[in-house]
Amino acid sequence: MAKSVSQSMKARDCNIRPRAEAPRADIGPELKLVPESCLALSTCSSITTDGEYWVYPAVTNQRITKIYCHNLATEPSHFITLKYPNIFIIHDGSNWILQRKQCQSAIRPPLKKTKFLKVKLQIESMVVNGTDYTFTSLTGSEPIQYGNALDCNGEHFKDPCPHFGTATIDTRGTGLIVDPTIEFGLIKGYNAAMEKFHRSVNGDLISFTCAGWCGLCGPISGPIRVKHSKEFKSKPELNPGFTFWVYSRFTSGLLEWIQSNPKVNPEWTQRVNPA
């Protein structure tokens, strides 16, 4: 029995597209699910296993994007899996060996380090949620926001004066970079400044040191937002989306389902989750 129009509209909302290949005569056209989010992936395919998937965010004009889908079975959320260390450091008064003495060459350990293994992403805007610590490794009791660093070892203009608050944003291998329009600098502090700022040519590696008495450094033009790198190449033939076959026909622009349960292509796991 055919599904209702409202259910057909739901199929359209799931962004189901005919593939370019000629349809298979025995079962009808081959279609692919092109989900814009982890929620769409879960709702439209009944996938409930957390993992790496290809999604096609609307804000990127549906460019293929590799996302770790978390809590798929309940409240799906989106994370970028970071292949290289992304570490952000707090140096504060607890690290002074001599109380309130500037420019100490040694520290009282430990420095408070937050290492992000994955960083949360608002898929509708591609803005990073830097205060989600679900996938982090902490040294010390206090986390620091993704992209920030804090230092309390001395006024930035003193020399010599080592500074220990550093930040490393490394998105190599993800296909994403921090939007080049995002500026970094001093957020607040006394006689403080951001120093040694470096952004790689292709934008996938950013590092800096914060110096001050004390100083907090990080993004100053708004929250961190990511975009696809120039080197990113969409490879639809290798990763064409969740593919399935269904007995179907297109009527008045709507996908009218003839059979309630689509036949799943057994190769979908390799296609959706090549990792």
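The largest nonpolar core in this predicted model brings together 34 residues. Leu121, Tyr146, Ile169 and Phe184 are the ones with the most contacts inside this core. As for secondary structure, strand β5, spanning residues 77-90, gives the most to the core, with 4 residues. That fits a familiar pattern: in soluble globular proteins, nonpolar side chains tend to be buried together.

Phe184 is worth a look on its own. Leaving aside residues up to four places away in sequence, Phe184 touches a long list of partners, including Ile169, Val178, Met194, Phe197, Ile206, Phe208, Ile220 and Ile224. Gly147, Gly218, Pro219 and Arg199 are also among the residues that Phe184 touches.

Next comes Thr171, which sits in the loop between β10 (165-170) and β11 (176-178). Loop or not, Thr171 counts as buried because its relative accessibility is 6%, under the 20% cut-off. Its side chain reaches the backbone oxygen of Leu176 at 2.7 Å. Beyond four places in sequence, Thr171 touches Leu176 and Ile177, along with Tyr146 and Asp204. Tyr146, for its part, is one of the residues with the most contacts inside the largest nonpolar core.

Finally, there is helix α2, covering residues 38-45, whose buried residues are Cys38, Ala40, Leu41, Ser42 and Ser45. Serines turn up around both ends of this helix too. At the start of α2, a side-chain oxygen of Ser37 comes to within 3.4 Å of the backbone nitrogen of Leu39. Just after α2, Ser46 takes a positive phi of about 65°.

Technical notes:
Residues numbered from 1 in each chain as written. Predicted model: local features only at pLDDT ≥ 70, side-chain atom pairs only at ≥ 80, totals over all residues. Heavy atoms only, no water. Core = buried A, V, L, I, M, F, W, Y, C linked by side-chain atoms within 4.5 Å. Buried < 20%, exposed > 50% of the residue type's maximum accessible area, 1.4 Å probe, protein only. Helix = DSSP H or I, 4+ residues; strand = E, 2+ residues; numbered from the N terminus. Contact = heavy atoms within 4.5 Å. Polar contact = N/O pair within 3.5 Å; in protein donor to acceptor, adjacent residues only side chain to side chain.
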